[in-house]
Number of protein chains: 2
Amino acid sequence: MPALPVTLKDIQSAAAAINGAVVRTPTRHSRTLSAIAGCEVWLKFENRQFTASFKERGALNFLLSLNADQRKRGVAAMSAGNHAQGVAYHAGRLSIPATIVMPVSTPFNKVKHTRDFGADVILEGRDLTEASAVAHRLAAERGLTFIHPYDDSKVIAGQGTLALEMLEDVPQLECLMVPVGGGGLISGVAIAAKAIKPGIEIFGAETELYPAMAESLHGQPQAEKPSAQTIAEGIAVKRPGKLTTEIAKALVNDILLVGEAEIEHALVMILEIEKTVIEGAAAAAFAALLADPARFKGKKVGVVISGGNIDMRLLSNVILRELTREGRILTLELAIEDRPGMLAQVAQLVGEAGGNILEVSHNRMMSGISAKSATLILVIEARDSAHGVQIREKLAAAGFRLV
Amino acid sequence: MPALPVTLKDIQSAAAAINGAVVRTPTRHSRTLSAIAGCEVWLKFENRQFTASFKERGALNFLLSLNADQRKRGVAAMSAGNHAQGVAYHAGRLSIPATIVMPVSTPFNKVKHTRDFGADVILEGRDLTEASAVAHRLAAERGLTFIHPYDDSKVIAGQGTLALEMLEDVPQLECLMVPVGGGGLISGVAIAAKAIKPGIEIFGAETELYPAMAESLHGQPQAEKPSAQTIAEGIAVKRPGKLTTEIAKALVNDILLVGEAEIEHALVMILEIEKTVIEGAAAAAFAALLADPARFKGKKVGVVISGGNIDMRLLSNVILRELTREGRILTLELAIEDRPGMLAQVAQLVGEAGGNILEVSHNRMMSGISAKSATLILVIEARDSAHGVQIREKLAAAGFRLV
């Protein structure tokens, strides 16, 4: 095997360099998540970083490697989110000018946070590829040093520092599960962890909408997928790095793919049980454990909760979707006669059954029903799906036709 | 001053008794919340307890004080939430039978969690007063020991243990801010903290819908208020305890009242900044700091994040309400002509202005508009309130009439 571009020593040097300027986050066992997943689950809380993601580690390690002239000229980066905040925050702290290019579609809160750290934010490009081209052009024109979000040995070494902490805190870990976008995090983690504990298994988690690293590892053809909306925007990367692919091929045991609904489910579960806000990419890692329980049964697994930056409206939406999926929020359509008192009767039956009515609407325009009929649409909150069935049955028993 | 019914020694004994069976939660400084509040804010994360609230401390200290016969017969408690879970969890661990009475309106998730710990849950009573009567009656009939949620010296001593931890971790604290319902928590905290550090100031936070302890302290007439819905259900208590009122009168510096909107604002702020889920009662404590900034300016304040149990649908709703209040979600009503192409034109203008349309509805039934007109109602997501104004102006400039 040829020597890899990053070594344990690089990662240990990075740890010494960034020490004190990033948060030494805890790795905690979760009793309830372990019971649910059927293995022993430890969570590494990188959402506790000041900018709420592990990206600070790599960004800071890179910034600290610049010479005086490079520092003075400044840096450029392209990122829709966490890398931007990591670069902007530490560049600001170190008084290094930072220019951050973000695609025009970047969520509002991420733009605002990055600007608040003092960076010059340029919204340009319809997607990450276009924004990246802009950032490279600006860097060349203005003599700025470009900080790649993942395909850089200093960045990879920085991200790897979190694995040193995990194995220091929980040396008995047998597997690590890491979210994978461009591959910077899993590369650093794999180098550090396998050097310290050669028998440890390293797994990555990707959303099935962006399976690029999995396809590289499995030797599948890499036709570039169309862009797709995912809740795990932090790992929505079409093409992983060159360095990171080389490292992953050498050291990563497998990459698991998870669906959007599984990611949403994992996100709300961790929110409700662990009382902690995580972003989609982090949820993908826990979702991957649930997706293949036989593989991890009884093992000691460290899951990297990579970050906690999620738009509040998206979070609210994900919670409601999850409650709907669980049957705690259900939509009923009833064919009713269009006359006074009908809604009162239905509402009373639902109330007696212990259902809470959230929304009511009527549809009188459907073909297939009489002009003297209407469809009543109710959104109802129930205790659980069994309770939802009870509410349906109560309405049916009273003679209402559920369509 | 007469001797108080609980002493520092009682609290130290409680700490020794419960040690290892409850989580030694961290007290962490928050840089961002400090900047917002204008004082130095430390948070005590009691939402990290296994049942996600401080109530375990008092419940466990009480359970450990029972003799063999009392343990065998079992305990009864009345609670709509956290006390129930604290009692049920530790009684289950210690193999003590527990009967918990909850009002029929108790949120589903709290009933489920309590049952999952093995307790016998009885849903009876329209409110806490009625449920309490049921629990006392059952305790008498069945020979069970009743565990009061706050007006008990063992419970108060247990709650006080968290103040020992706060002052051990952050001895420089000058004030503590504690949510107040029945007063068990603030009583224990005040006794422990003032015994260790006599100069420390103890403040309580109540929702203005349930200001009973504030009225007691301020010597105001205590007409019992009507029941009201509050997001801070953990501190929705009409009448504080006898012991707790005596202790609060002796040791608490002041009780501050906060409104529902302020509590919701604080809750979403801590969710978004600290990435941690807190319940309404805990949010009330941070809201109280924001309500009277002059009083706390520059001081070192420890805020007790008392718990993290909030119904997920309620959380989702609170987030959306907060975004609406901030102007990030706005509702526009436009008078339009009722003809093809109108919605396309409006939608294009909103899109060009950078607004994201969340919901669309039409109203054609209003009096005061022509039969050939309609009101178009749009719910739109904007970056912030200034951006909302820009979207309005763009529509007005294109000739649309905003009603």
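The second largest cavity in this predicted model holds about 100 Å³ of space. Its lining is made up of 11 residues, and the ones nearest its centre are A:Ala212, A:Ala223, A:Glu224, A:Lys225 and A:Lys238. Sorted by class, that lining comes out at 5 nonpolar, 5 charged and just 1 polar residue.

Zooming out, a search of the whole structure turns up 4 cavities of 30 Å³ or more. The largest of them takes in about 150 Å³. Here 14 residues do the lining, and those closest to the centre come from both chains: A:Arg28, A:Arg48 and A:Thr276 on one side of the list, B:Arg48 and B:Thr276 on the other. As for chemistry, 8 of the lining residues of the largest cavity are charged, 4 are polar and 2 are nonpolar.

Then there is the contact between the two chains. Chain A and chain B put in 33 residues each, and together they bury about 3,000 Å². Carbon and sulfur atoms account for 60% of that buried area. On the chain B side, the trio B:Phe108, B:Lys275 and B:Arg313 stands out, supplying 26% of the area that chain B buries against chain A, more than any other three residues.

What about polar interactions across the interface? Between chain B and chain A there are 4 salt bridges. A:Arg313 makes a salt bridge with B:Glu381, where the closest N and O atoms sit 3.0 Å apart. Counting polar contacts with both residues at pLDDT 80 or more, the tally across the interface of chain B and chain A is 15 residue pairs.

In terms of secondary structure, several elements of chain B each bring at least two residues to the side that touches chain A. These are the helices H2 (31-37), H6 (108-116), H12 (260-274) and H15 (312-325), plus strand E12 (356-363). The top contributor is H15(B), which gives 7 residues to that side. Overall, the side of chain B that touches chain A is a mix by class, with 14 nonpolar, 10 charged and 9 polar residues.

Note on methods. Residues numbered from 1 in each chain as written. Chains lettered and ligands numbered in written order. Predicted model: local features only at pLDDT ≥ 70, side-chain atom pairs only at ≥ 80, totals over all residues. Heavy atoms only, no water. 1 Å grid on protein atoms, 1.4 Å probe; cavity = no way out; pocket = protein on both sides within 12 Å on 5 of 7 lines; lining within 4 Å. Points joined across faces, edges and corners; volume = space filled by probe spheres on them. Nonpolar A, V, L, I, M, F, W, Y, C, P; charged D, E, K, R; others polar. Contact = heavy atoms within 4.5 Å. Buried area = accessible area lost by both parts, 1.4 Å probe. Salt bridge = Lys/Arg side-chain N within 4 Å of Asp/Glu carboxyl O. Polar contact = N/O pair within 3.5 Å; in protein donor to acceptor, adjacent residues only side chain to side chain. Helix = DSSP H or I, 4+ residues; strand = E, 2+ residues; numbered from the N terminus.
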